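Subject: Structure handover and what turned up in it

Hi,

Here is the structure I promised to pass on to you. Please have it open while you read, as the notes below go through it place by place.

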Amino acid sequence: MTLASDEVDELVRLRRQLHHHPELRFTEHATAGLLAGMLQPFGRVRTGLAGTGLLLEVDGPLPGPAVLLRADMDAYPVQDVKTEPYASTNAGVCHACGHDVHMTVAYGVAARLAADPPARGSVAVLFQPAEEIPFGEASGAAAVLRDDALRGRRFDAVLGLHCWPDLPVGTLGVDRTTAMAAKDAFRVEVLGRTAHAATPALGRDAILGLSGMVNLLHAAVARSRNADELVAFNIGTIAGGASQSQVAGYAEATGTLRTHDEAVRERLKTVIERLARQQAAALDLGVRFTWANEMPPVRNAAELVALAHTELSDLVEVVDLAVPPLTTDDFALLGALGPSLYVKLGVTGERGGAPLHSGTFDVDERCLAVGVTALDRLTRAVLDGRLTPSAAPRSTDAPTGGPSTAGAPAAQRTGSADAPAAQRTGSADTPAAQRTGSADANGSAAPGTDPTVAAVPS
């Protein structure tokens, strides 16, 4: 079905209003208030999921399949440098990852379902806070999974989309199996001993140790992966020292590892942590190493990939994405609720595009109608019973070792991702961000380490 001009106009107005007033993770109060009021006529609206999230429930008159649609709500901490009239009014905050588009599309699908209700089944539309996750902080998806509104529920399909500037407007990208990579964030803290710069032999230089560690880590990751293994490794922050005339007693760096394959993931995590500890020990330095924000990859269910190609090819140009990206998304955690599909919405028009997470990011607003019609069609196809379950088992992304935990990440659970919660081991209520592995080399800091370093904030 093609959207009428008044529908498109409403979507554009909503998207621009959201873009004009972005809000950071877990502070999406005005966003939630705006959407709750607009969604109220469509069905039952539950507010306050994980603080600022929303859940709209739309039921058909007859029982049938259940579908969950998800849109993330939070903006990104970057200055909007666009000159458009709808540019952000919130200094240092911008919808630079397209979540304004995601929310607008989800609203558009909800409006269509309300105007033309399904004959059977039910649809839940989730507006999820806090998809952007700084180091060591909680995932919004993990938080909403703990809410009574979703706890213990199962869906026949969990659907979502993400703006994709690599694709032109009018197209929809569908990854064959993996839609987003696994993510493992880390912090390495090097513990030395302060001394005057004139007497460096009396100290242990944490900055020197960390600087060498950075180069060695990049080299080690590069030489510990094969050419056919897709990997991204980055060290994005470095801090340390207190004075130019002092040997630094403390330095730290944070970084991220992105992978698609669980065996590669575990191999490289072992390499990274082992090398950091060995380098510190070689220089008589202490080290604390912490993993955080572990996130499994986003896996597309084979039956939903097939359904997308079958149902959408007459609506939009469906692009078969053979090589998955190394971006990540906590949509991965929602795979615990049922078979999932995360598609890429082409947003780049004739003027060209800008990368995600940049202050110049914008979209060709024709993408809004494409997203709404595509997700509406997929939702109705599932409700109408046109989804054929795949005979192939779904990947569990199970770890090769360690305890089973999990705030929902499939990569930290044992058992099938399709199994009922009662059949999995590990708690489904523990956010990944609360799991860290931290220890000092050889069980303690280096001899003579500053007693103050333990008080250094993270």
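Aspartate 147 touches Arg46, Gly48, Leu49 and Ala50, leaving aside residues up to four places away in sequence. The aspartate itself sits in the loop that links helix H4 (140-145) to strand S5 (157-168). One of its partners is a long way off along the chain: aspartate 147 and glycine 48 are 99 residues apart in sequence, while their C-alpha atoms are separated by 9.3 Å. Is aspartate 147 buried or exposed? Its relative accessibility is 16%, and because the cut-off for buried is under 20%, aspartate 147 counts as buried.

Before the rest, please keep in mind that this is a predicted model, so every number here is computed from predicted coordinates.

**The overall picture**

The protein has eight helices and 16 strands. Of its 458 residues, 57% are buried. Among contacts with a separation of 6 or more, 79% are between residues 24 or more positions apart.

**Helix H2 and its neighbours**

Helix H2 covers residues 29-39, and its buried residues are Thr31, Ala32, Leu35, Ala36 and Leu39. Why do they belong to the same side of H2? They cover an arc of only 125° around the axis, and that puts them on the same side of the helix. His29, Ala30 and Gly37, on the other side of H2, are exposed.

What do the buried residues of H2 pack against? Two of the elements are helices, H1 (5-20) and H3 (99-115), and they are joined by strands S1 (44-49), S2 (53-59) and S4 (120-128).

The pairing with H1 can be described further. H1 and H2 pack at an angle of about 160°, and their axes are 11 Å apart. That angle makes H1 roughly antiparallel to H2. The crossing of the two helices is right-handed. On the H1 side the contact is made by Glu10, Leu14, Gln17 and Leu18, and on the H2 side by Thr31, Leu34, Leu35 and Met38. These residues divide into five nonpolar, two polar and one charged.

**Helices H5 and H6**

Further along the chain, helix H5 (residues 206-222) packs with helix H6 (residues 262-282) at an angle of about 150°, with the axes 10 Å apart. The two are therefore roughly antiparallel to each other, and H5 passes H6 in a right-handed crossing. H5 contributes Gly209, Gly212, Met213, Leu216, Leu217, Ala220 and Val221 to the contact, and H6 contributes Leu268, Val271, Ile272, Leu275, Ala276, Gln279 and Ala280. How many charged residues does the contact of H5 with H6 have? There are no charged residues in it, against 11 nonpolar and three polar.

**Helices H3 and H8**

H3, already mentioned as a neighbour of H2, also meets helix H8 (residues 367-383), and their axes come within 9 Å and cross at roughly 50°. H3 and H8 are therefore oblique to each other. Here too the crossing has a hand: H3 passes H8 in a right-handed crossing. In H3 the residues involved are Val101, Thr104, Val105, Gly108, Val109, Arg112 and Leu113. They meet Cys367, Leu368, Gly371, Val372, Thr373, Leu375, Asp376 and Arg380 in H8. By class, the contact of H3 with H8 has eight nonpolar, four polar and three charged residues.

**Two backbone angles to look at**

Two residues may interest you for their phi values. Alanine 130 has a positive phi of about 55° although it is not a glycine. Its place is in the loop between S4 and H4, and at 0% relative accessibility alanine 130 counts as buried.

Asparagine 293 is the other case: its phi is near 60°, a positive value in a residue other than glycine. Where is asparagine 293 found? It is in strand S13 (residues 286-295). Its relative accessibility is 3%, so asparagine 293 counts as buried.

That is what I have for now. Happy to go through any of it with you.

Best wishes

Methods
Residues are numbered from 1 along each chain as its sequence is written. This is a predicted model: local features need pLDDT of at least 70, side-chain atom pairs count only at pLDDT 80 or more; totals for chains, interfaces and linings use all residues. Side-chain values use heavy atoms; hydrogens and water are left out. Buried means under 20% relative accessible area, exposed over 50%, partly exposed in between (1.4 Å probe, protein chains only). Helices (H or I, at least four residues) and strands (E, at least two) are DSSP runs, numbered from the N terminus. The arc is that of the directions from the helix axis to the C-beta atoms. Contact means heavy atoms within 4.5 Å. Axes are lines fitted to C-alpha atoms, for helices over the stretch in contact, and angles run from 0 to 180 degrees between N-to-C directions. Angles under 35 degrees count as roughly parallel, over 145 as roughly antiparallel, 65 to 115 as roughly perpendicular and the rest as oblique. A crossing is left-handed if the near helix is turned anticlockwise from the far one by less than a right angle, and right-handed if clockwise. Ala, Val, Leu, Ile, Met, Phe, Trp, Tyr, Cys and Pro count as nonpolar, Asp, Glu, Lys and Arg as charged, and the others, Gly among them, as polar.
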